[in-house]
Amino acid sequence: MAQESVRGRVVVVTGASSGNGKAMSLALADRGARLVLAARRVELLEATAREVEDRGGEALVVPCDVTVREQVEGVARAAEERWGRIDAWINNAGVIAWSLFEDTTEEEFRRILEVNLMGCVYGAWAALPAMRRQGSGVIVNIASLASLVALPVGSAYSVSKAGVFALGDSLRRELKGSGIRVCQVMPVGVNTAGFFHQRTRGFRLSKRVAPFLQDPETVAKAVVRCLEKPGTRNIPLGIQGKAAFVFGALAPRLVDLFGGLVARGVQKGDA
Ligand SMILES: NC(=O)c1ccc[n+]([C@@H]2O[C@H](COP(=O)([O-])OP(=O)(O)OC[C@H]3O[C@@H](n4cnc5c(N)ncnc54)[C@H](OP(=O)(O)O)[C@@H]3O)[C@@H](O)[C@H]2O)c1
């Protein structure tokens, strides 16, 4: 299938103030996309916008909390008012938090679902009317390895990302023949502020894991591929993602064994 150029396309990125969202915004700016940058921290969004403009790109900053549907719809309205269309919507905003299930509060569990899952639901609802009118568009969900292999000490996060993955696959099937594509990227562990500042209960993340993590630029490249290559569906990221996918499918008991060891370590407080 012929590659499609990103140049001039209007792309909404949620969570563009930091980490993966910022990296993909810059990678898309390098290829000439017109960017709508959404998140809560406006100063950081403006910093992303300045870097986009330094690269010769165009950016529109729209403050938005993805847990509030009207605000997400406001992002779509702002994009259409400015550029008259929405060519791609990247559902990237998300939070990461680790806690044993029995220690997780209802409020924490709900919050993770609201940001990670409902944020994508509101994003898709907001993007689809414009894409339907155009008869074209790409929705990209930043899911996770946890969408495919549920992680111990991360039930809420895993549930949210499994939900995101199911949403994306379901939508792709519903939209077949509409001209609208749905792709999902599944990173493993990415060296972002989000990874190192995530909430943990019962253990601390060591900075020593940093060399084993993926770069936000790797996530950005996968997003560019989703936009440029029409045949793209879901991308388990890197060798780690592909290995975890294969292990999860072929050796689930081994994954249970390893997951159990991790959970017991956290229970005993020795991790
Ligand atoms: N890092 C990893 O290891 C990893 C692995 C797999 C998947 N992912 C996924 O990658 C995505 C980005 O994460 P990251 O690692 O880049 O973390 P990050 O650096 O913390 O970035 C998270 C982004 O989400 C935004 N966000 C959070 N809550 C929001 C809300 N309620 N409304 C609007 N925006 C919100 C943040 O912006 P504001 O705070 O300014 O609102 C920020 O821009 C997430 O979906 C995450 O699950 C990350």
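1. A residue is taken to be near the ligand here if one of its heavy atoms lies within 4 Å of it. With that cut-off, and bearing in mind that this is a predicted model, the ligand has 30 residues around it, of which Ser 17, Ser 18, Arg 40, Val 190 and Thr 192 come nearest. By type, the residues of this shell divide into 14 nonpolar, 11 polar and 5 charged.

2. Three polar pairs between ligand and protein deserve a look in the viewer. A nitrogen atom of the ligand is placed 2.9 Å from a polar backbone atom of Val 66, and an oxygen atom of the ligand is 2.8 Å from a polar backbone atom of Asn 92. At Lys 161 the side chain takes part, since an N or O atom there is 3.0 Å from an oxygen atom of the ligand. Taken alone, the ligand would expose 880 Å², and the protein buries 95% of that area. The elements that contribute two or more residues to the surrounding shell are helix 1 (19-30), helix 4 (106-134), helix 5 (155-174) and helix 6 (193-196).

3. Asn 92 can be described further, as it belongs to the loop between strand 4 and strand 5 (97-98). Is Asn 92 buried or exposed? With a relative accessible area of 11%, Asn 92 is buried, because the cut-off for that class is under 20%. While its backbone faces a ligand oxygen at 2.8 Å, its side chain has a polar atom that lies 3.2 Å from the backbone oxygen of Gly 15.

4. Val 153 has a backbone angle that a reviewer may wish to check. Most residues other than glycine have a negative phi, whereas Val 153, although not a glycine, has a positive phi of about 65 degrees. Val 153 sits in the loop that joins strand 6 (137-142) to helix 5, and with a relative accessible area of 9% it is buried.

5. In soluble globular proteins, nonpolar side chains tend to be buried together. In this model the largest nonpolar core has 35 residues, and the members that touch the most others are Val 11, Leu 28, Ile 90, Val 140, Val 185 and Leu 227. Both strands and helices give two or more residues to this core, namely strand 1 (10-14), strand 2 (34-39), strand 4 (88-91), strand 6 and strand 7 (180-186), together with helix 1, helix 2 (42-54) and helix 7 (216-228). Which element gives the largest share of this core? That share, 7 residues, comes from helix 7.

6. Two charged residues on helices are added for orientation. Arg 110 lies in helix 4 and, at 48% relative accessibility, counts as partly exposed. Its C-alpha atom is 9.6 Å from that of Ser 160, although the two residues are 50 apart in sequence. Lys 22 lies in helix 1 and also counts as partly exposed, at 21% relative accessibility. Between the C-alpha atoms of Lys 22 and Met 131 there are 24 Å in space, and the pair is 109 residues apart in sequence.

7. As to annotation, UniProt lists residues 9-191 under "domain: Ketoreductase", and the entry is unreviewed. Over residues 9-191 the chain of the model is 49% helix and 20% strand, and the end C-alpha atoms are 28 Å apart.

Terms used. Residues are numbered from 1 along each chain as its sequence is written. This is a predicted model: local features need pLDDT of at least 70, side-chain atom pairs count only at pLDDT 80 or more; totals for chains, interfaces and linings use all residues. Side-chain values use heavy atoms; hydrogens and water are left out. UniProt positions are given in the numbering used here, feature names are shortened, and annotations may be inferred rather than shown by experiment. Helices (H or I, at least four residues) and strands (E, at least two) are DSSP runs, numbered from the N terminus. A polar contact is a pair of N or O atoms within 3.5 Å; within protein, one must be able to donate a hydrogen and the other to accept it, and residues adjacent in sequence count only if both atoms are side-chain atoms. Accessible areas come from the Shrake-Rupley method with a 1.4 Å probe; for residues, only the protein chains shown count as cover. Ala, Val, Leu, Ile, Met, Phe, Trp, Tyr, Cys and Pro count as nonpolar, Asp, Glu, Lys and Arg as charged, and the others, Gly among them, as polar. Buried means under 20% relative accessible area, exposed over 50%, partly exposed in between (1.4 Å probe, protein chains only). A nonpolar core is a set of buried Ala, Val, Leu, Ile, Met, Phe, Trp, Tyr and Cys residues joined through side-chain atoms within 4.5 Å.
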